[in-house]
Amino acid sequence: MTYFHKSVFYTPTLLFLLLFSLQAVAQNASVKGKLTESATAAPLGYAGVRLYQMPEKKLAGGALTDEKGQFSVALPFGVFTAEIEFIGFETIQTPEFTLTKEHPQHDLGTLRLAASATALDEVEVTAEKSSMVLALDKKIFNVGKDLANAGGSATDILTNIPSVTVDPEGTVKLRGSDNVRILIDGKPSGLVSFKGSSGLQQLQASMIDRVEIITNPSARYEAEGSAGIINIILKKDQKQGFNGSIEVIAGQPTNYGASANLNYRHRKINFFVNYGFSYRDAPGGGSMFQERFVGDTTFLLQQTTTNRMKSLNNNIRGGLDYFFTENSILTASYLWRRSDAQRLTDIRYEDFLFNLSNPQGYTLRNQDETEDEPNSEYSIVYKRKFGREGHELTAEAKYLNYWERSDQSFPQQTFFNNGTEDISKNIFQKSLNDEYENQYLLQVDYVRPIGKDGKFETGLRSSFRDMVNDYAVTEKNTDGSFTTVPGLDNYFIYKENINGVYLIYGNKHNKFSWQGGLRAEHTDVNTILRETNVENPRNYFNFFPSVHLTYDLPKNNAIQWSYSRRVRRPVYNDLSPFSTFTDSRNFWSGNPDLNPEFSDVLELGHIRYFDKGSFSSSIYYRHTIDKIDRIRQLDDAGNATTRPENLNSENAVGLEFATGYSPKKWWKLDMNFNFFHAVIDGSNIESAYKTATYSWFTRATSKFILPKNFDFQVRGNYEAPQKTAQGSRKALYFVDLAASKDILHNKGTLTLNVSDLFNTRRMRNTTEGDNFRSESEFQWRRRQVNLSFNYRINQGKQMAKKKPASEEGM
């Protein structure tokens, strides 16, 4: 049963009242309007709207347009003008208008923004638009604005986004928690199916338009992911005519690639296609020192690992939009992805007794794995807008098909101290692993305005997922034949059906707006080990409420208090009992008996807009029961098994700040800071697995707009040490550099970036159990240097042009 401690409510409530009391100046009037794209009449969400009081042109208010392109700003009486800007579009300024006691409201109507002119070298824009858009309920990051993303993957993009951290193994965390839901275009994807977030390394950054971070989602979103949702939006345009971009990449260690994002619209039909190709040869490795205690005897292990991952990735996504009318659109799309990889790993085990001066011999183990992964996704979406603004229906059907074959061989040799081979202990093993997935997704969403500012939303979502893993390990006999290793041959079946429905109602009164929602989800999961006839069905029904309260303060401030209930369901990799076999002394597997974890999440957020940027802050609290965490245990032979377990609970509270600020027209700063405290109770596994930890991470980006179309960017990242249920993680830090130059009359851009300049991005951990202690250091990705060239076809550059720094008093 979920519960709250009194202190959970005290802090947010007191802060809410404190910020509420800041209202000192009454705003007696307001202005509203709607922003659309001139070519398609499509609404432009999250554009910046600033209101200036005339004639001194003093900033008086501001807002971001919502998803429908609408905005409303409270103002005092006076004469004003509005300035609206959006990335890739021309900035517009409205005629002056007057607000008086007799006429306190003004409607600017529908404002249409035109795409930036092709010949942007002839247009002077005196300030660069922001790469980060901050709102109370989400943060939006425009990928093309960040120089560090050029030539990278989706994983590299997430590494550069505030609130998000990616460890050297590819695990994505949001505000320090790996319980985050990753979506592609708002829906699940095969990219993050079997392999979790590490599959994002196969998606090129050049195919991505923007990333949305939603830390406390409403009932509109599926309940998966207690830390929140990361939504990756792929590129697609709807401008009339032909337009697009082409990019080529070369890097060291080996990273070659090319991509094309093309779009053609003629009257009622819009075609789009994205293609990405990459070849990478990535080295990595690490070491581990372990002490194992058996009575009065101490066994020592010194282990070193080197690995090399060669991968050839192809991604193609194509489709069309058919406009029955501008209010009735049918979209069909197809995504095909294939990855062919070879993984080479060399492991050296050195054994000692009591101390390092008493060696007992060493063992060498090699892995040679070939991996094939084709993946297809089919989608049909229909969107219908009705007569009243904001009244619309959206329906989608999606099918995902995934297949992977892994063929591995493991020769292992054992040697005495003098280097003589102990042939009696030599082994040669093979592992063949086939994985399949089919998923069907149906979703319908309906939105209807009620009254002046009210809105009713409802929808349903059904997901049907079947996954299979055919797994076998064989070992070579003395006569050259192979025999199946006992216990390592089975056929794992995973069936998951999730059906959900939600209701949301929201309204607004003056400066106060609210939204309440309820989502109900029924989960039916069944796992079957066919060879051993072991079946584990799970069936549960849950409600997930959400509440969002927003209040607009004077002086361009707003606050929001939100609550939601979230879940982390054990997925395929969490439940599959098969162990990895790369390392013969350290095994990783799932846990078929794992239960879901549930979280109650509270957040109080504040945002302030000012002339040169914006600043957001938030306090969040997360109470989790049956927390899923990986626990490492050693058996009597010294072999370690790491698998997920349900811990009693975790309570986490944090404070986060994010800002985008331009001190000068040629200088742009983005900063993010997150501090959190977590109390983890794993005493149900082992009495010593209880810990309290304080930790923080920060990221700062400084971008300089230099003369002659040069840009330069530097970013620093730091993650402080953190305690875990079984030990601790040491600090993680690295620096990235990037520079770019526009060429070919601003139609092309050359970008050079260096990730992890000082080669310091290493994962360092200490782990302890009742009979062991280990220290490890691994670096799966080393310093990377990339050079990329991007050429735009009938597009304005997605970064505003600027005066040379010498003209700005640099």
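This passage walks through the aromatic contacts of a predicted model and the strand pairing around one of them.

Let's start with the rings. Across the whole structure, a search turns up 25 aromatic pairs. A pair of aromatic rings is described by the distance of the centres and the angle of the planes. Take phenylalanine 544 and phenylalanine 598: their rings are stacked, with 6.5 Å from centre to centre and 20 degrees between the planes. This pair links distant parts of the chain, since phenylalanine 544 belongs to strand E27 (residues 534-553) and phenylalanine 598 to strand E30 (residues 597-610), 54 residues apart. Both phenylalanine 544 and phenylalanine 598 are buried.

A pair of tyrosines can be set beside it. The ring centres of tyrosine 718 and tyrosine 733 are 6.4 Å apart and the planes meet at 20 degrees, so this pair counts as stacked, given that stacking calls for planes under 30 degrees apart. Tyrosine 718 sits in strand E37 (residues 710-719) and tyrosine 733 in strand E40 (residues 732-743), so the two rings tie together parts that are 15 residues apart in sequence. As for exposure, tyrosine 718 is partly exposed, with a relative accessible area of 28%, and tyrosine 733 is partly exposed too, at 37%.

Rings also gather in a group: Tyr471, Phe492, Tyr494, Tyr572 and Phe578 make up one aromatic cluster. Elsewhere, rings meet arginines. Arginine 265 lies over the face of phenylalanine 323, 3.8 Å from the ring centre. In a similar arrangement, arginine 348 lies over the face of tyrosine 362, and here the distance to the ring centre is 4.2 Å.

Now back to E27, the strand that holds phenylalanine 544. On one side of the pairing story is strand E26 (residues 512-529), which runs antiparallel to E27 and is joined to it by 18 bridges. Within this pairing, threonine 527 stands opposite asparagine 536 of E27. E26 and E27 form a hairpin with 4 residues between them, and asparagine 533 in the turn has a positive phi of about 55 degrees.

E27 also pairs with strand E28 (residues 557-568), again antiparallel, through 8 bridges. Here histidine 548 stands opposite serine 562 in E28. These two strands form a hairpin as well, with 3 residues between them; lysine 555 in that turn has a positive phi of about 60 degrees. E27 therefore takes part in two hairpins, one with E26 and one with E28.

Definitions and conventions: Residues numbered from 1 in each chain as written. Predicted model: local features only at pLDDT ≥ 70, side-chain atom pairs only at ≥ 80, totals over all residues. Heavy atoms only, no water. Phe/Tyr/Trp six-rings, centres within 6.5 Å; stacked < 30°, edge-to-face > 60°. Buried < 20%, exposed > 50% of the residue type's maximum accessible area, 1.4 Å probe, protein only. Lys NZ or Arg CZ within 6 Å of the ring centre and 35° of its normal. Pairing = 2+ DSSP bridges.
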